[in-house]
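Q: Could you take a close look at one helix in this structure, describing its extent, its buried residues and what they pack against, and then set it in the context of the rest of the model?

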Amino acid sequence: MPEGMEDTQLWAQVVRGDRDAIAALYDRHATAAYSLAARLVGWAAAEDVVHDAFLVVLRNAAAYDPARGAFRSWLLRVVHNRCVNLLRRYRPENEEALQYMRDPAEQPVETIIAGLASAEVRAALEELSPDQREALVLAYYGGLSHSELAQRLELPLGTVKSRVRRGLLALRDLLDTRGVEAVP
Amino acid sequence: VTHDEIRDLLAGYAIDALTAEETSAVAEHLASCPDCSSELASLQVAVDALAGAVPQLPAPERLRARLLLDAPEAPTIAYGAPTTPHARRSRRASLPARLTAIVGNVGTRQLMRRAMSVAAVLLVVALSATTLSALSAVRHSQDELLRDRAALGLLTSTETTNDLLTRQADSLPADAHGHWFHRPEVMTQVVVGERLPQPGASQRYVVWMQQAGSWIAAGELPVDATGYGRLVVLGSDGSAVRTVVITLETGPASQPGPTVLLASSP
């Protein structure tokens with residue numbers, strides 16, 4: 001199979017029903033997808049999240065437009081979305097369900113950041129204000145919604161939304177300054 | 001909702017922090033606002049960096065085999081406005097059965113129909129993850145492949161009922177669990193065990209189904225090195241089944257031995 005092919009070329013073959021191209025895309029991006037899911041919902045649930053995310057992408061081929069971004073970026077968005085939906089569905093009251101996965105929002109923000117593999121992202125997050133860092137990290141890696149964040153931090157909803165927005169904008173600028181590139 | 005209000009929500013949209021209503025509003029606005037689309041794209045660079053910053057773990061080998069078996073022959077080209085994962089949140093959940101089973105649905109378990117006059121003959125095919133992988137790779141038997149696809153089609157149907165098999169034995173790891181997938185009028189059931197310890201040399205895991213007051217051994221559940229095993233049961237839709245258990249047997253048995261995992265109707 002075409003290791004040298006760009007994702008856009010592979011995707012064109014996927015859309016035509018080429019199963020080798022599906023396998024090649026999987027081989028190229030499964031580790032990133034599984035790693036993100038495992039971080040949010042634990043390894044036990046990560047496998048099913050990734051499986052379902054790939055199927056969602058394959059079954060809704062028109063939803064992905066190569067002109068609007070990298071395939072991996074799209075896939076990881078689907079993975080993250082499914083992880084947070086899973087967490088939010090069962091987090092409030094279903095303790096039995098959550099015994100099969102850890103709740104990532106229970107970890108201290110410092111621990112979450114220390115566990116990241118990318119030194120550039122760790123450093124950029126450390127440069128955010130503590131309030132923005134806390135809100136952004138708990139929202140993205142903890143899977144907390146704005147309202148869940150407001151409840152957790154005992155802050156008005158508007159304040160939380162503002163911190164998330166300012167935090168992500170600042171992170172974007174910091175990463176840009178550091179030359180961190182977009183997902184290939 | 002004004003343009004400025006939507007713009008203030010873009011960061012939350014990019015990291016899945018919005019409500020379903022907010023998500024829908026943002027998605028609708030993005031379709032007609034190049035400025036917001038451009039800003040979202042710039043924020044996505046930071047989100048991509050967050051996604052890629054986690055420690056990289058190789059996905060389990062069996063996941064590849066599962067995906068290739070379940071992947072549609074040709075991806076669906078859905079005509080109409082492009083959708084995003086965020087926008088889809090407000091629609092009917094397309095979460096395949098397996099995913100909901102992972103976290104259980106004990107509270108919403110579907111009541112099983114109790115009247116079933118004829119007990120179906122159970123034709124049992126045991127498939128371990130290793131077997132599935134081999135089938136995927138070799139595809140030497142079209143009949144077998146079609147049968148496996150039927151079983152896996154059940155797993156990905158949103159109409160399938162997913163019952164969690166809960167841990168019943170202290171000897172099992174805390175995260176050991178299983179799933180029982182069934183759907184009325186679909187004559188296929190799938191029972192899965194996960195994180196099961198390797199049985200002893202003279203032991204084996206067996207799936208039992210109780211219906212009409214009797215226990216029927218549905219078949220042996222072979223587990224791979226990761227403790228994963230899958231049993232596909234053909235010939236019955238499970239509507240007459242009251243209880244499913246996985247037991248650890250030491251030899252031939254007419255009644256279930258010590259139960260390690262259990263799913264039962266309310």
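The helix looked at here is α10 of chain A, with its surroundings taken up afterwards.

A: The model is a predicted one, and every value below is computed from it. Helix α10(A) covers residues 157–178, which is 22 residues, and from its first C-alpha to its last it reaches 31 Å, close to the 32 Å expected at 1.5 Å a residue. Directly after the helix comes Gly179(A), whose phi is positive, near 80 degrees.

The buried residues of α10(A) include Val160(A), Val164(A), Leu168(A), Leu169(A), Leu171(A), Leu174(A) and Leu175(A). Arg163(A), Arg165(A) and Gly167(A) are buried in this helix as well. Within chain A, the partners against which the buried residues of α10(A) pack are α7 (119–127), α8 (130–140) and α9 (146–153). The packing also crosses to the other chain, where α1 (3–14) and α3 (34–52) of chain B take part.

The chain that holds α10(A) has 10 helices and zero strands, so that its pattern along the sequence is written α-α-α-α-α-α-α-α-α-α. Of the 184 residues in chain A, 59% are buried, and among its contacts between residues at least 6 apart in sequence, 59% join residues at least 24 apart. Chain A exposes about 7400 Å², to which carbon and sulfur atoms contribute 47%.

Another helix of chain A can be set beside α10(A). Helix α4(A), residues 71–90, has 20 residues and reaches 29 Å from its first C-alpha to its last, close to the 28 Å expected at 1.5 Å a residue. Because 17 of the 20 residues of α4(A) are buried, this helix is largely enclosed by the rest of the structure.

Chain A also provides the lining of one of the cavities. Six cavities of 30 Å³ or more are found in a search of the whole structure, and the second largest has a volume of about 40 Å³. Its lining is made up of Trp11(A), Ile22(A), Leu25(A), Phe54(A), Val57(A), Leu58(A) and Phe71(A), and by class these are seven nonpolar residues, with no polar and no charged ones. Helices α2 (19–41) and α3 (43–59) of chain A each supply at least two residues of this lining, and the largest share, three residues, comes from α3(A).

Chain B, which supplies two of the helices packed against α10(A), contains eight helices and nine strands. Buried residues account for 53% of its 266 residues, and 68% of its contacts between residues at least 6 apart in sequence join residues at least 24 apart. The area exposed by chain B is about 11500 Å², with 54% of it supplied by carbon and sulfur atoms.

Two loop residues of chain B deserve a note on backbone geometry. Most residues other than glycine have a negative phi. Asp16(B), although not a glycine, has a positive phi of about 60 degrees, and this residue lies in the loop between α1 and α2 (20–30) of chain B. Asp16(B) counts as buried because its relative accessibility is 2%. Arg195(B) is likewise not a glycine and has a positive phi of about 60 degrees, but Arg195(B) is found in the loop between β4 (186–194) and β5 (204–211) of chain B, and at 31% relative accessibility it counts as partly exposed.

Technical notes. Residues are numbered from 1 along each chain as its sequence is written. Chains are lettered from A and ligands numbered from 1 in the order in which they are written. This is a predicted model: local features need pLDDT of at least 70, side-chain atom pairs count only at pLDDT 80 or more; totals for chains, interfaces and linings use all residues. Side-chain values use heavy atoms; hydrogens and water are left out. Helices (H or I, at least four residues) and strands (E, at least two) are DSSP runs, numbered from the N terminus. Buried means under 20% relative accessible area, exposed over 50%, partly exposed in between (1.4 Å probe, protein chains only). Contact means heavy atoms within 4.5 Å. Accessible areas come from the Shrake-Rupley method with a 1.4 Å probe; for residues, only the protein chains shown count as cover. On a 1 Å grid over the protein atoms alone, a cavity is a set of points where a 1.4 Å probe fits but cannot get out, and a pocket is an open set with protein on both sides within 12 Å along at least five of seven lines; lining residues have an atom within 4 Å of a point. Grid points are joined across faces, edges and corners, and a volume is the space filled by probe spheres set on the points. Ala, Val, Leu, Ile, Met, Phe, Trp, Tyr, Cys and Pro count as nonpolar, Asp, Glu, Lys and Arg as charged, and the others, Gly among them, as polar. The expected span of a helix is 1.5 Å times one less than its number of residues.
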